[in-house]
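User: Please take a close look at one part of this structure, the surroundings of the ligand. Then follow the chain outward from there and explain what you find in plain terms.

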Amino acid sequence: MAVLAVTGSQWGDEGKGKIAGYLAARADVVARFGGGANAGHTVVLEGREFRLHQVPSGVLFPGCLPLVGNGAVVDPPRLLEELDALRAQGVDVDRLRLSERAHVVMPYHHLLDRLEEQVRGRASIGTTGLGIGPAYTDKAAREGIRLAELVDPDALARRLAEVLPRKNRLLQALYDHEPLQLDALVEQYADYGRRLRPYVGDVAAVLRQSVADDRRILLEGAQGTLLDLDFGTYPFVTSSATTAAGAAWGLGIPPWWVRGSIGVMKAYATRVGHGPFPTEQPNEIGQYLRERGREYGTTTGRPRRCGWLDLVIVRWAVEVGGLTGLAVTLLDVLTGLDEVRIGVAYRVGTQRIERFPARLDVLERSEVEYETLPGWREEVGQCRRYEELPANARRYLERIETLTGVPVHLVSVGRESAQTVERADPFVAAVR
Ligand code: IMO
Ligand code: MG
């Protein structure tokens, strides 16, 4: 049973698209299990760049079945746009299947996301503004609309007639916002439902059959462990489960089917949105990383906050995600620095903290204990074998392995899918 999860080990944007795209080439199925249009996954194949938000990277490979599970939230107009853009690039998207149990992001979710952020003021989360939090809130509050209803005009009209008056009262009373019109909304979303109907089905059943047929299955994570609703830097998190456990839940398969989890981690750290970031470098180091790493959001275009690698958080991702291997990305960005630093522990007063703390105030007061290693000047973009990497880059990677206790299976040395150093096939390692 070769079911492998690829998850983010930091605050998102680790290069999951690059790694998932690289592995999708040898997978039969690629399934997304959480998040929605807030994700931005870029895959570069032979110079052609594909920007994915809701569609799994498997769509780019004709032999691969792309699935979106019940744990994801689907934004119909954005998804239709994404499908059009992929088609325009010559990608056949007809194989895509969306779980009928996935929830729909509605226009009032977008509105509420933005209005809630305004009201939070200085305590705002820095969300992507795409309605993700309110959509998951409605799911938990049992006020959501699922794809199964979206594709059935009568069910959609019934459900919206129940839900919309409450949303309108909320919009008016709390935010002095004008109400949304029921008829127009039903008409617009019934049309989206009609266009999405061919893609909607019982994804969990398809996935279970794929496992029975001994297919190679990749579970493509979105966001990262530190953005996980339970394990992240709450409340500065997203609203879904981002680890391998979330993959089982978000796809309707037993957790013990997931044989391994590759943690994707940048060779340094970034964060977009607000919240604590102990190793942040708001200085020329951060500037260097931002420019060399093109650290601007694929979804929102926001400049990302940049800093040194923090292994306290990666070790946390190893613990809660049960990571069986690491994929270190953007190693090429570190070229040219005299020295490179790794955050290995936090300090508050005389207390040394090695395990990621739940309390935000502890994080905010933490000083970081760094290890400093020598840097390297060689460009690494042409390296394909581990031995070709500069000695100091290898030393850095081996230090990551020692401090996390997890082997580095893959190293990304550039945006192009082929710019990958493979030390072990993560699928083979997962089945072992
Ligand atoms: P990928 O899959 C980076 C962040 C937002 C914000 C917080 C909550 O590309 O790694 P939300 O809109 O989800 O309610 O915002 O989570 N965030 C991401 N940051 N990459 C992502 O996805 C993200 N998805 C959400 O910036 O801080
Ligand atoms: Mg992103």
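Analyst: By class, the shell around ligand 1 is made up of 10 polar, 7 nonpolar and 3 charged residues. The model is a predicted one. The shell holds 20 residues, and the closest of these to ligand 1 are Asp13, Lys16, His41, Thr128 and Thr238.

Three backbone contacts can be looked at one by one. Glycine 40 has a backbone N or O atom 2.9 Å from an oxygen atom of ligand 1. For glutamine 223, a polar backbone atom is 2.9 Å from an oxygen atom of the ligand. For valine 272, a backbone N or O atom lies 3.2 Å from a ligand oxygen atom. On its own, ligand 1 has 550 Å² of accessible area, and the protein covers 98% of that area.

Next comes the question of which parts of the protein supply the shell. The domain assignment gives two entries: domain 1, with residues 2-91 + 202-430, and domain 2, with residues 103-199. Their C-alpha centres are 29 Å apart. In the contact between them, domain 1 takes part with 29 residues and domain 2 with 23 residues. Both domains give residues to the shell around ligand 1, so the ligand lies between them.

Glutamine 223, already met as a backbone contact of ligand 1, is a good place to start along the chain. Glutamine 223 sits in the loop between β10 and α9. Its phi is near 55°, which is a positive value in a residue other than glycine. Its relative accessibility is 7%, so glutamine 223 counts as buried, because the cut-off for buried is under 20%.

The loop that holds glutamine 223 joins β10 (216-220) to α9 (244-249), and valine 237 is found there too. Proline 235 is also placed in the loop between β10 and α9. The peptide bond leading from tyrosine 234 to proline 235 is cis, and its omega is near 5°.

Valine 237 has a relative accessible area of 13%, so this residue is buried. Setting aside neighbours within four places in sequence, valine 237 is in contact with Ile125, Leu226, Leu227, Asp228, Leu229 and Gly232. Glycine 126 is 111 residues away from valine 237 in sequence, but the two C-alpha atoms are 9.5 Å apart in space.

Glycine 273 gives another view of residues that are separated along the chain. Glycine 273 is in the loop between β12 (269-271) and α10 (284-292). With a relative accessible area of 10%, glycine 273 is buried. Not counting residues up to four places away in sequence, glycine 273 touches Ile125, Gly126, Arg302 and Arg305. One of these, Ile125, is also among the contacts of valine 237. Glycine 273 and threonine 128 are 145 residues apart along the chain, with 8.0 Å between their C-alpha atoms. Threonine 128 has already appeared as one of the closest residues to ligand 1.

Two strands complete the picture. Isoleucine 262 belongs to strand β11, which covers residues 260-266. At 1% relative accessibility, isoleucine 262 counts as buried. Leaving aside neighbours within four places in sequence, its contacts include Leu4, Ala5, Val6 and Thr7. A further run of its contacts includes Leu323, Thr324, Gly325, Leu326 and Ala327. His409 and Pro426 are also among the contacts of isoleucine 262. Isoleucine 262 and threonine 324 are 62 residues apart in sequence, and their C-alpha atoms are 6.0 Å apart in space.

Threonine 329 lies in strand β15, which covers residues 325-329. Its relative accessibility is 2%, so threonine 329 also counts as buried. Residues up to four places away in sequence are again left out of its contacts, and what remains is Glu14, Gly15, Ile19, Val264, Met265, Lys266, Ala267 and Ser412. Leucine 330 is in the loop between β15 and β16 (339-348). Leucine 330 has a positive phi of about 60°, although it is not a glycine.

To sum up, ligand 1 lies between domain 1 and domain 2, and the protein covers 98% of its 550 Å² of accessible area. Glutamine 223 offers a backbone contact to the ligand from the loop between β10 and α9.

Note on methods:
Residues are numbered from 1 along each chain as its sequence is written. Chains are lettered from A and ligands numbered from 1 in the order in which they are written. This is a predicted model: local features need pLDDT of at least 70, side-chain atom pairs count only at pLDDT 80 or more; totals for chains, interfaces and linings use all residues. Side-chain values use heavy atoms; hydrogens and water are left out. A residue is near a molecule or strand if one of its heavy atoms lies within 4 Å of it. A polar contact is a pair of N or O atoms within 3.5 Å; within protein, one must be able to donate a hydrogen and the other to accept it, and residues adjacent in sequence count only if both atoms are side-chain atoms. Accessible areas come from the Shrake-Rupley method with a 1.4 Å probe; for residues, only the protein chains shown count as cover. Ala, Val, Leu, Ile, Met, Phe, Trp, Tyr, Cys and Pro count as nonpolar, Asp, Glu, Lys and Arg as charged, and the others, Gly among them, as polar. Domain bounds come from an automatic or database domain assignment. Helices (H or I, at least four residues) and strands (E, at least two) are DSSP runs, numbered from the N terminus. Buried means under 20% relative accessible area, exposed over 50%, partly exposed in between (1.4 Å probe, protein chains only). Contact means heavy atoms within 4.5 Å.
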